[in-house]
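Student: Hey, can you walk me through this structure? I'd like to talk about strands and chain contacts.

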Amino acid sequence: MRKIERFMQQKNLHTGDVVRVVESENGTTVEYEGIVMPPYELSSGETLTLKLDNGYNIGILVDNIVEIEVLEKAKPGEKKEFKAVLPKNPELPNVAILGTGGTIASRIDYKTGAVHPAFTAEELALAVPEIFKLANITPKLIMNILSEDMRPEYWRKIANEVAKALNSGEDGVVIAHGTDTMAYTAAALSFMLGNLHKPVILVGAQRSSDRPSSDAAMNLTCSVRMATANFGEVAVVMHGETGDTYCLAHRGTKVRKMHTSRRDAFRSINDIPVAKIWADGRIEFLREDYRKRSEGEVFVDGEMEEKVALVKSFPGMQKEILEFFIDKGYKGIVLEGTGLGHVPTYLIDTIERATQEGITVCMTSQCLYGRVNLNVYSTGRRLLRAGVIPCEDMLPETAYVKLMWVLGKTQNQEEVRKMMLKNYAGEITPYTRFDTYLR
Amino acid sequence: MEFDYKELGLKVGLEIHRQLDTKKLFSPVPSDLHEDVDFRFQRRLRPTMSELGEIDPAALEEFKKGRTFVYEGNHRFTDLVYMDEEPPHKPDEEALRISLQIAYLLNAIPVDEVHFMRKIVIDGSNVSGFQRTAIIAMNGRVDTPWGSVGIPTICLEEDACRIVEREDGKVIYRLDRLGIPLVEIATTPDIHHPEQAKVVAKYIGDALRATRKVKRGLGTIRQDLNISIRGGARIEIKGVQELDMIPLIIEREVERQMNLLKIRDELRRREVKQEDIKEAFYDVTEIFKNTDSKIIARAIKKGGKVLAVKLPGFRGLIGREIQPGRRLGTEMADRARKYVRGIFHIDELPNYGISGSEVNEVVERLGLGENDAFVLVAAEEETARKALREVVKRAREAIEGVPEETRRALPDGNTQYMRPLPGKARMYPETDIPPILIADRMKGEILANLPELPQERVERYIREYRIDRSLAETLVNDERDELFEELVKNGVKPSLAASILVVVLKGLKKEAPIENITDEHIREAFELYLGGKIAKEAFEEIFKELAENPNKTAKQVAEEKGLTLLSEEEVERIIEEVVMANIEVIRAKGMGAMGMIMGRAMAKLRGRADGKLVSSLVRKKIQELAGS
């Protein structure tokens, strides 16, 4: 226990108590009055955080406190519940919003400075009223995890929820998702959702929803628009540029988070986006080769082989890294090779050992942009001979998800190879347009 | 006019903001302003949801405007942090140290741990929609002859964007100023006399300048006043630039509040009630179809309407002066300015091309009694309605007395409506910045090295450099002191440095825009002088030219204007010429001709040769000739 927690226990102090504190340091005495704030996770642990009447917080060293008096005990928090029933408008399409964790909307309690997630329909209606003019919204929190904790069984759970929603009358689904692993989930859903003919839109925010400049509301609004559009695939909808002018809808298998913090972090790689969704509501499709909306039952093809690894090649890489996966019984390895798809030549023997033991080894490129080609250099040719599958212009992450999905269906090497090289959800493009690079 | 401020219950509080001369607060970007724009982007801000029922009036006003914000950036003077595209870095340590220095100079006590907060600001001036701000110290104090004034808080915060242009539904901002560290010093409302406010502001300003790490020049310091009198209301006055204006602005505000209270009393005597003032707008376009008023005729021609509203019991009061040159009608017009350029009211008519008979027709049409007034607006119908709604609102407030407002200081000491008084600041913790424990060692270091206050500096200049008190005071007050010390350190005689920086520069003020002369210009000119390239007489002309053409260098000007010193041989040659031309006089008068020859030589050599050298050469020549 840190000093502050001990102090609060000793003095029977609780968050929300109004107190008068007398502090003495080197003979100077100062008095403060304010509300006791919860001890800061990130602070030194040696200070009492007080919210003053002017709204500011300050920290007071516990060791310097000579007197503390509780002027008013904290009132038990009244939970405000918004129970309004939102009437369904038969003229509007129906859209389900599935929450997976994080906050697409939040409410700030300025008394305590606490940020509360807002996810009930009523709270959402207050935070982003625009979307209720576009569709009858049914929000549902299906899990509450950090996006970095996402895993294949959750992908399956999301896929099941999506299928359930679409098969029970929703015209589209929006999935609110943390941005870190959103592209992996998008790829997973792209493969898992069979006979999909309605929009499944993943959306997130790069600036938290508690700030007035958050991109959350516009991303969500554009996602709901895309979820009601004449479109029948999985896509990621996020800001298209730094300004609040348009969002882009990226195909779920061709999208990658390319920046740690910018709003326009999500980019289509080796492909152009599907559509531009302007702030004024216009949807401008940028291509014609997308699946249109139609009726039909969606099914979940969610079997996944989880013993698959994504391994980056680097100068000085040791054999034992690959040997580990072989020895641990992995069924597939996606390599993120250098350049056209290479690894250090002394690893080729190990790779051959892997393929001989029935492990699928796929090659992608850490360049991200461009297509692998194992015919140009001898290393590539040797890798081909060792049984490596060159994954065309597939993103490493997409290849990783796809290999899990393929190995979930068959472990027959020839079958696996055929499936890995077949385009299922736009993950492989036959040729590359000039305008697909670093825009 | 001298009021009895004690009797009136005058209360004034100050809020002073000053930029620090460091890197930006949360990212090490240079904090300079620049006119070049490399890129633009466009954003919107939405008020974050709070508990139900609680609405911040200022935030609401902004949101109603539904504005788009355009930000103009320069790659060198902003970065992703200040485009709200990256979380903040740690606060600039130098800025933190300077604010602690300031805290100690103002007798305040630093907090143990600094917690940065997000203060919601949604007018677009902060890209994120909030300003990051933290209390650095509390419980400071300034002593004045009228009594002690408290300084409850000293904060360190980020400056906002510069506004470039306001258009319909759009505001254009420049990003370069955003993030420059600002120290905010607030006083308690314990100031009870206009002159006392100036003394407190000066004291605080001196403490800030003592650090030598505050920015100088237009816009780097902002002083806000909070003023009220008994029975009046708290008025926040923004943007007071000059110290000397403070007492006048306070006097004018007291006058305004007193006059508004008199108008209130008169309205009450006339038994005017809030509900008597109705939002009923009469279309009187027909009356003005042949008007001589250009403004109205133009509005009608553009398809607009002339709308009138009845203000019962207001006759004679709308036109009553409440500050020199400003009337209750002016206050109404200021409120309506969001929608229309101006309003017309009965107390100022007939005038502006509106005839007496038009006035009478409106009076008749509205059915006005002798105490009733009207206000007219000519504009597109919906706009005109919005404008008149503001007029009605202001009229209703007149019955209550003084409305709480944020007002803008005008150059003549008057003030003008800006926006409603902001509600209580909406703040929540900036969770991207961990709290900062102020180490005892840091406090000790700062305390042991506190800078000297300006008054102490004046005394030291008099003592150390033996310059006049008035010169020393001007150097310090005009913030030329740092440059002065630098010049002296480089070998310039203190008396010369002081007189050039004070007398010569101030003397040029009327002739040339001396604010264009940079420290760099001055440094360079003194380098030329120290290098024997120019005479001290040349400073004036060089500075005058630099003020007009700040892109030039001192060296260029000196050369162009022929102000570079001549070599001794050249000086001798010119003196030789003068002497030869006047050889008869010298022969006749001998040394008696010295004055005349000196005068003629200096006419040719002023600014190009040292006077002493000229005089010794002239003396030598005359002696040679007279002796021969």
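Tutor: Sure, we'll look at a sheet and then at where two chains touch. Keep in mind that this is a predicted model.

Student: Okay, what's the strand order in the open sheet of chain B?

Tutor: The four strands go S14-S15-S19-S18 in chain B, and their pairing is antiparallel. At the edges sit S14 (281-283) and S18 (344-345) of chain B, each with a partner on one side only.

Student: And what holds strands together in general?

Tutor: Backbone hydrogen bonds, in either a parallel or an antiparallel arrangement.

Student: How many bridges are there between S15 and S19 of chain B?

Tutor: Seven, linking residues 305-311 of S15(B) with residues 373-379 of S19(B). In that pair, Leu311(B) faces Ala373(B) from the opposite strand.

Student: Which helix lies across those two strands?

Tutor: That's H6 of chain B, residues 294-301, and it runs at about 50° to S19(B).

Student: New topic: how many residues of chain A are in contact with chain B?

Tutor: 40 residues of chain A, and they meet 42 residues of chain B. Strand S4(A) gives the most to chain A's side, with five residues.

Student: What kinds of residues are on that side of chain A?

Tutor: A mix: 15 are nonpolar, 16 polar and nine charged.

Student: Back to S4(A), which strand of chain B does it pair with?

Tutor: S5(B), residues 113-114, in the antiparallel sense over two bridges. There, Ile58(A) stands opposite Val114(B).

Note on methods. Residues numbered from 1 in each chain as written. Chains lettered and ligands numbered in written order. Predicted model: local features only at pLDDT ≥ 70, side-chain atom pairs only at ≥ 80, totals over all residues. Pairing = 2+ DSSP bridges. Contact = placed C-beta atoms within 7 Å. Axes fitted to C-alpha atoms, helices over the stretch in contact; angles between N-to-C directions. Nonpolar A, V, L, I, M, F, W, Y, C, P; charged D, E, K, R; others polar.
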